[in-house]
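Grab a pencil and have a look at the fold shown below. Then work through the exercises one step at a time.

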Amino acid sequence: MITVDRMIQVLDSVNDLPTLPSIYTQITEVIKDPNSSVADVAKIIERDQSLTSKVLRLVNSSFYGFARQISTIRQAVVLLGFNNIKNTVLSVSVFQTFAGMSLGRFDMRDFWKHSIATGVLATFLDKRLRKGYQEETFVAGLLHDIGKIILNRYFGDMFEEALQYAQSKKETFYRAERAVIGFSHDEIGEYLAEKWQLPYTLVESIALHHQPSNLRSNPTLVAIVHLANVLAHELHFGFSGDFKVPDVDSFAYEELGIQKEELEEIKEEARKVLEDSHGLLSIIE
Ligand SMILES: [Fe+2]
Ligand SMILES: [Fe+2]
């Protein structure tokens, strides 16, 4: 068992901690400037061919729901707006950064499937419950378990120990981490998100997705990601090291203003949304 402080010390000392492509930071800077144009933002993305083709593939997927084909980055920037395109670039950058990394003995495709499903469901819940976060919901869900990859990379033995514990006790990975490691992937994810200087809303939704009632500044987005994660598990979409479906925290019901009975209805709609979003997985290939 080691403490969170020790975990931070270890990660502070490694020199190959994954970094985000500088394009994300460049876009963030450019859109802060009120004089920036669509062309300014598009130019940054177009410099990277692989990013360009992946962004176009993503915005043309059924998830974005545009009726016509979007064939240029400029069109995408116009249709999506600056903040949305920024978050789309972040999503694609995350895939690029973590593409070759593994999660011990479990299938990365399943991990991404779980992460994408959580992003899709967070977006669905936000719309369904009219919470108005829109732009950040997908990437917030996509990133929620990112700490697991870092855990496996730098604390491989502990990762394996937690996985075994979860499997033998039929527990969630989070509880297993708490029992055998002493810290958990939400804390590592928070560390990474801060290192990457992501917006605080994202830091928070990563940090609190298992403890939504630890109120900070955006409890609604945290509750959305929390519930989206549970639903992704319940609907068996992907795998993220959990051998038990986590419970919905009662705080999330309150914060989102839903009754337990309504959840069944939401779950059925969510199942359809996930089935329709299969195409999104091609982005990781
Ligand atoms: Fe998690
Ligand atoms: Fe998860």
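**Exercise 1. Find the helix that holds Val 180, then decide how exposed Val 180 is.**

Step 1: Val 180 is found in helix α11, residues 173–180. Helices here are DSSP runs of H or I with at least four residues, numbered from the N terminus.

Step 2: This is a predicted model, where local features need pLDDT of at least 70, side-chain atom pairs count only at pLDDT 80 or more, and totals for chains, interfaces and linings use all residues. Residues are numbered from 1 along each chain as its sequence is written, while chains are lettered from A and ligands numbered from 1 in the order in which they are written.

Step 3: Now for the counting. A residue is buried if 20 or more other C-beta atoms lie within 10 Å of its own, exposed if 12 or fewer, and partly exposed in between, with C-beta atoms placed from the backbone. Val 180 has 15 other C-beta atoms within 10 Å, so Val 180 is partly exposed.

Step 4: Check the partners. Leaving aside neighbours within four places in sequence, Val 180 is in contact with Glu 161, Ala 162 and Tyr 165. Being in contact means that the two C-beta atoms, placed from the backbone, lie within 7 Å.

Step 5: Try a distance too. Val 180 and Trp 196 are 16 residues apart in sequence, and their C-alpha atoms are 28 Å apart in space.

**Exercise 2. Work out whether His 185 is buried or exposed, and list its contacts.**

Step 1: Place the residue: His 185 sits in helix α12.

Step 2: His 185 counts as buried because it has 27 C-beta neighbours inside 10 Å.

Step 3: Skipping neighbours within four places in sequence, the contacts of His 185 are Asp 145, Gly 147, Lys 148, Leu 151 and Glu 177.

Step 4: For a longer jump along the chain, take Gln 96: His 185 and Gln 96 are 89 residues apart in sequence and 20 Å apart in space, C-alpha to C-alpha.

**Exercise 3. Describe how α9 and α12 are oriented to each other.**

Step 1: Two packed helices are described by the angle between their axes and the distance between the axes. Axes are lines fitted to C-alpha atoms, for helices over the stretch in contact, and angles run from 0 to 180 degrees between N-to-C directions.

Step 2: The axes of α9 (residues 147–154) and α12 (residues 185–195) come within 7 Å and cross at roughly 95°.

Step 3: Angles under 35 degrees count as roughly parallel, over 145 as roughly antiparallel, 65 to 115 as roughly perpendicular and the rest as oblique. So α9 and α12 are roughly perpendicular to each other.

Step 4: From α9, the contact uses Gly 147, Lys 148, Ile 150 and Leu 151, and from α12 it uses His 185, Asp 186, Glu 187, Ile 188, Gly 189 and Leu 192.

Step 5: Sorted by class, this contact of α9 with α12 has 4 nonpolar, 3 polar and 3 charged residues. In this sorting, Ala, Val, Leu, Ile, Met, Phe, Trp, Tyr, Cys and Pro count as nonpolar, Asp, Glu, Lys and Arg as charged, and the others, Gly among them, as polar.

**Exercise 4. Do the orientation for α2 and α3.**

Step 1: α2 (residues 22–32) and α3 (residues 38–46) pack at an angle of about 175°, with axes 10 Å apart.

Step 2: α2 and α3 are therefore roughly antiparallel to each other.

Step 3: On the α2 side you'll find Ile 23, Gln 26, Ile 27, Val 30 and Ile 31, facing Asp 40, Val 41, Ile 44 and Ile 45 of α3 in the contact. The classes in the contact of α2 with α3 come out as 7 nonpolar, 1 polar and 1 charged.

**Exercise 5. Explain what's unusual about phi at Gln 197 and His 236.**

Step 1: Most residues other than glycine have a negative phi.

Step 2: Gln 197 isn't a glycine, yet its phi is positive, about 55°. His 236, also a residue other than glycine, has a positive phi near 55°.

Step 3: Gln 197 is in the loop between α12 and α13 (200–207), and His 236 is in the loop between α14 (219–234) and α15 (250–256).

Step 4: Gln 197 is exposed, with 12 other C-beta atoms within 10 Å. His 236 counts as exposed, with 12 C-beta neighbours inside 10 Å.

Definitions and conventions. Helix = DSSP H or I, 4+ residues; strand = E, 2+ residues; numbered from the N terminus.
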